[in-house]
Amino acid sequence: MTILVTGAAGFIGFHTARRLCQDGHEVVGIDNLNDYYDVTLKQARLKELESLPGFRFRKVDIVDKPALLALFREHQFTEVVHLAAQAGVRYSLDNPDIYGQSNLVGFLNVLEACRQHRPAHLIYASSSSVYGSNSKMPFSIEDAVDHPISLYAATKRANELLADSYCHLYGLKASGLRFFTVYGPWGRPDMALFKFTEAILKGQPIDIYNQGQMARDFTYVDDIVESIARLRTRAPQADAPDKGCNRLFNIGRGEPMALLDFIECLETALGIQARRNFMPLQDGDVIKTWADVSALTEWIDYRPKVAVSTGVAEFVKWYRQFYQL
């Protein structure tokens with residue numbers, strides 16, 4: 001099989017491409033290597049991937065429809081794992097055009113390429129941010145998600161609806177994954193764990209929003225990747241009219257952790273006490289997330305394995321090694 005992984009130089013894309021190569025598949029990874037965060041980190045991820053048998057990298061931007069279609073014609077992908085996107089809730093407040101291009105135009109291009117070349121399964125990234133300020137806990141895929149509170153969330157919900165349309169019209173088989181606060185080695189510098197670690201090691205205070213009264217369903221990246229690996233062979237079937245051929249799944253640990261408890265895990269892993277700078281809630285932020293993962297458990301026997309304390313310690317170990325600290 002030849003599998004396309006978009007956003008292969010990104011955090012989840014890197015881990016996914018590596019796992020698929022380790023499982024013996026041919027993987028073509030694409031990325032535009034933009035400078036949203038440190039490009040040298042993306043290049044380091046690619047260097048790791050390019051040492052693996054079966055991996056090939058192509059610098060392709062999903063916004064470039066002719067280049068994307070040419071790639072599909074060349075490889076006739078059996079499956080597509082679409083993880084490329086402009087990430088970040090806060091960045092979307094000041095840079096909306098980028099989200100419209102990458103997350104809307106880019107995703108539509110991916111759908112068009114799949115319509116023309118018919119991979120057996122399209123797996124695409126959504127986000128827990130689509131739940132917005134929903135107060136019902138835990139968040140269920142059956143919940144209404146009609147009021148996103150950030151542009152990023154709105155683009156991810158739009159992806160789900162676009163996929164629904166293409167599956168209905170053209171018989172594509174797709175799985176949309178609502179990721180819940182993914183963390184782990186090789187993580188993104190704009191994420192809290194990375195920023196907290198960097199600040200603490202430099203002796204700088206960490207900014208804690210909403211006076212620390214926040215909670216997240218922190219999900220270790222290996223649990224995410226295991227889910228993707230299992231989902232590959234479980235494409236939704238059009239003969240299930242109650243579910244359709246575009247299914248949505250939450251991927252989280254299934255239990256929220258208070259942000260202050262998460263910070264304590266980091267302090268323990270670093271052996272350093274953080275200096276804390278408490279701040280008000282930021283625009284677009286959600287106070288609490290909590291995933292109902294029962295649909296994913298039923299579909300692929302999903303059972304997250306990595307405790308938060310263990311996952312944070314693994315991130316710190318990687319961070320110290322990568323930055324030689």
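A residue counts as buried when its relative accessible area is under 20%. Keep that cut-off in mind as we walk through this structure, which is a predicted model. With it we can start at strand 2, residues 26-31, where 5 of the 6 residues are buried, so the strand is mostly covered by the under 20% criterion.

What lies on either side of strand 2? Strand 1, residues 2-6, pairs with strand 2 in the parallel sense, over 5 bridges. To place this pairing in the viewer, select Thr2, whose bridge partner in strand 2 is Glu26. Strand 3, residues 55-59, also pairs with strand 2 in the parallel sense, again over 5 bridges. Here a handy pair to select is Asp31 and Lys59, the latter in strand 3, which stand opposite each other.

Now follow the chain between these strands. Strand 1, helix 1 (residues 11-22) and strand 2 form a β-α-β unit, and this unit is right-handed. From strand 2 the chain goes on through helix 2, residues 39-50, to strand 3, in a β-α-β crossover that is right-handed.

Strand 1 has a further partner in strand 4, residues 79-82: the two run parallel and are joined by 4 bridges. Thr6 stands opposite His82 of strand 4, which gives you a residue pair to look for.

Let us step back to the sheet as a whole. In which order do its strands lie? The sheet is open, has 7 strands with parallel pairing, and reads 3-2-1-4-5-6-11. Strand 3 and strand 11 (246-251) are the edge strands: each has a single partner strand, so one side of each lacks a neighbour in the sheet. From one strand to the next, the twist averages 20°.

At the strand 11 edge, the partner is strand 6, residues 174-179, which runs parallel to strand 11 and is joined to it by 6 bridges. Within this pairing, Ser175 has Arg247 of strand 11 as its bridge partner. Is strand 11, at the edge of the sheet, mostly covered or mostly uncovered? Strand 11 is mostly covered, with 6 of its 6 residues buried. To see how this works out on the two faces, recall that side chains in a regular strand alternate between the two faces of the sheet. In strand 11, Asn246, Leu248 and Asn250 are buried on one side, and Arg247, Phe249 and Ile251 are buried on the other. An edge position leaves a side of strand 11 without a neighbour in the sheet, yet both faces of the strand are covered.

Next come the cysteines. How many disulfides does a search of the whole structure find? The search finds 0. Cys167 is in no disulfide, and the nearest cysteine sulfur, in Cys245, is 4.2 Å away. A disulfide requires sulfur atoms within 2.5 Å, so the 4.2 Å between Cys167 and Cys245 does not qualify. Cys167 has a relative accessible area of 5%, which means that it is buried. Cys265 has a relative accessibility of 17% and therefore counts as buried too.

Cys265 brings us to the helices through its residue number, as helix 9 spans residues 259-270. The axes of helix 9 and helix 11 (residues 308-322) come within 9 Å and cross at roughly 50°. The two helices are therefore oblique to each other. Their crossing is right-handed.

Finally, some details of the backbone deserve a look. Most peptide bonds are trans, and most residues other than glycine have a negative phi. The bond from Met137 to Pro138 is cis, with omega near -10°. Pro138 sits in the loop between strand 5 and helix 6. Ser135 is placed in the loop between strand 5 (121-127) and helix 6 (151-170), and Ser135 is exposed, with a relative accessible area of 68%. Its C-alpha atom is separated by 35 Å from that of Asp35, 100 residues apart along the chain.

Which sign does phi have at Arg118? Arg118 is not a glycine, although its phi is positive, at about 55°. Arg118 lies in the loop between helix 5 (96-117) and strand 5, and with 41% relative accessibility Arg118 counts as partly exposed. Gln324, not a glycine either, has a positive phi of about 55°. Gln324 is found in the segment after helix 11, where its 74% relative accessibility makes it count as exposed.

How values were computed. Residues numbered from 1 in each chain as written. Predicted model: local features only at pLDDT ≥ 70, side-chain atom pairs only at ≥ 80, totals over all residues. Heavy atoms only, no water. Buried < 20%, exposed > 50% of the residue type's maximum accessible area, 1.4 Å probe, protein only. Pairing = 2+ DSSP bridges. Right-handed = clockwise from strand over helix to strand, strands pointing away. Axes fitted to C-alpha atoms, helices over the stretch in contact; angles between N-to-C directions. Parallel < 35°, antiparallel > 145°, perpendicular 65-115°, else oblique. Left-handed = near helix turned anticlockwise from the far one by under 90°.
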